Amino acid sequence: MRFNEKELVSLSRQPSEMAAEMGMRGPKKGDVLKKRLVKLVVNFLFYFRTDEEEPIGALLLEQCRVQKEDNQSFSIAYMDEAERKYLFECGSEEQCQKWIDSIVKASYEFMRKNLIYYRTEIHRLTGKDPLEQYGISEETRFQVTNGMQFMPRDTSSL
Amino acid sequence: MKLHEKILTHFLSCTSPVDKEGYLYKKKERTATYHRRWFVLKANLLFYQERPADRHLLGVIVLEGCTVTRSKSDGQFAFSLVFDRPGLKTYRFAAVDHQTQESWVKTLLLASHCYLSLLVRDLGRQYEEAKQQQGCGESFHSSSGSVLQQSTTNFSLLVQNPTAVVREGRSSSASSVLQAPSLPTNVVAKRSPKLWPRRNAHVTPLNGPMPLYGEWPLVGFDPLQEFSKLHDYYGLEVKKAREEWLRRRPAEKEHSDKDLIDLG
């Protein structure tokens, strides 16, 4: 599958509040913990070999489950599959929690739900649709859609 | 750089909303020819394949750090995705008609994570202010009017959307605060949620006091389990309306104090 690699690499170089060295372990059997520079930019988690300019890889932070693991670690899992669970070891419990919160809040779908909530509430409190002033009230992406499901198996809320 | 494809294809096929899809012609730079592709826009990702039913994805474009421009020089109904930094690409597209072109241009302009982030922050501010307005709606506040205007102006300056109508106006809550104090009840919308089109009650959070930004939404919450809370929450409106009605009734008639219907 083709993708705009150069543009994504350029994105990975943007300044980010969440960038730190930590241990990272891939999901496959035999994968070992390696020291990586992990960086959160928009809804992607980039990881670099320390002191390298181009990231090794990028993880899209949508449709994933982020949870705390033992000690000072957290994991990101996709499709509830063990073969798609990435482990991250932070320097402290505090740092670990901060990363979990940041990753959850970075998800586009999470932000969209927040937007819809605020839109609904502002309308209820003031009688006005706050998106009208920006001329975007009819945009499909800001509507409450029927496509959203809240079944327990659906991890889209993360 | 490795982009974990399975994660992306899973995201494409899952139940999160499709923001736009349709055929567009995509220009192949090497041969300067246009090929018809089926595009699916989800969040800040633009996927493309040959046909809608295809399992095989041809590619994806991450929509961060780019602008959308209409290109008259590229022919009819053409537009481009321009990644502004040196050495980066420009993707060229053509639509079949003006309406399709306009629709895609507008949607792509609003598709980035950065844009959504700004918009959510702005609305978060407006929400906090609207809550405060409602809390002290009975008294006269002259300072909050200017604060509200400032927050809306800040965001509109950041929006570079040529097709959006950016109006610098005060929100209604600001103007009602500056009117006579007897009007604050108009600030609260008395309509039940179901009268507002396209609104889905299941998306509204259900716990009593409003959660702070960042604490909402609840991970994996099930609206069906919380329905009694949803019911109570919207019932507050009914309760308020009823109290007002009772208050407004003339006090002389004694029987007006009793309920007309015995609710037991």
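Rings of Phe, Tyr and Trp (for Trp, the six-membered ring) count as a pair if their centres lie within 6.5 Å. Keep that handy for this predicted model, where a search of the whole structure turns up 12 aromatic pairs over all chains.

**Exercise 1.** Work out why the pair A:Phe44 and A:Phe46 is classed the way it is.

*Solution.* Start with the distance: the ring centres are 6.0 Å apart. Next, take the planes, which meet at 25 degrees, so the pair is stacked; the cut-off for that class is under 30 degrees. Finally, check the surroundings: A:Phe44 has a relative accessible area of 0% and is buried, and A:Phe46, at 0% too, counts as buried. For contrast, try A:Tyr117 and A:Tyr118: with 5.7 Å between centres and 45 degrees between planes, this pair is tilted. Both of these tyrosines are buried.

**Exercise 2.** Decide whether strand S4 of chain B is enclosed or open, and place it among its neighbours.

*Solution.* Count first: five of the five residues in S4(B), residues 45–49, are buried, so the strand is largely enclosed by the rest of the structure. Then look at each face: B:Leu45, B:Phe47 and B:Gln49 cover one side, B:Leu46 and B:Tyr48 the other. Now the neighbours. S3(B), residues 33–42, runs antiparallel to S4(B) and is joined to it by five bridges, with B:Leu41 partnering B:Leu46. Two residues separate these strands in a hairpin, and B:Ala43 in the turn has a positive phi of about 55 degrees. S5(B), residues 59–62, also pairs antiparallel with S4(B), over four bridges; there B:Ile61 stands opposite B:Leu46.

Methods: Residues are numbered from 1 along each chain as its sequence is written. Chains are lettered from A and ligands numbered from 1 in the order in which they are written. This is a predicted model: local features need pLDDT of at least 70, side-chain atom pairs count only at pLDDT 80 or more; totals for chains, interfaces and linings use all residues. Side-chain values use heavy atoms; hydrogens and water are left out. Rings of Phe, Tyr and Trp (its six-membered ring) pair if their centres lie within 6.5 Å; planes under 30 degrees apart count as stacked, over 60 as edge-to-face and the rest as tilted. Buried means under 20% relative accessible area, exposed over 50%, partly exposed in between (1.4 Å probe, protein chains only). Two strands pair if DSSP finds at least two bridges between them.
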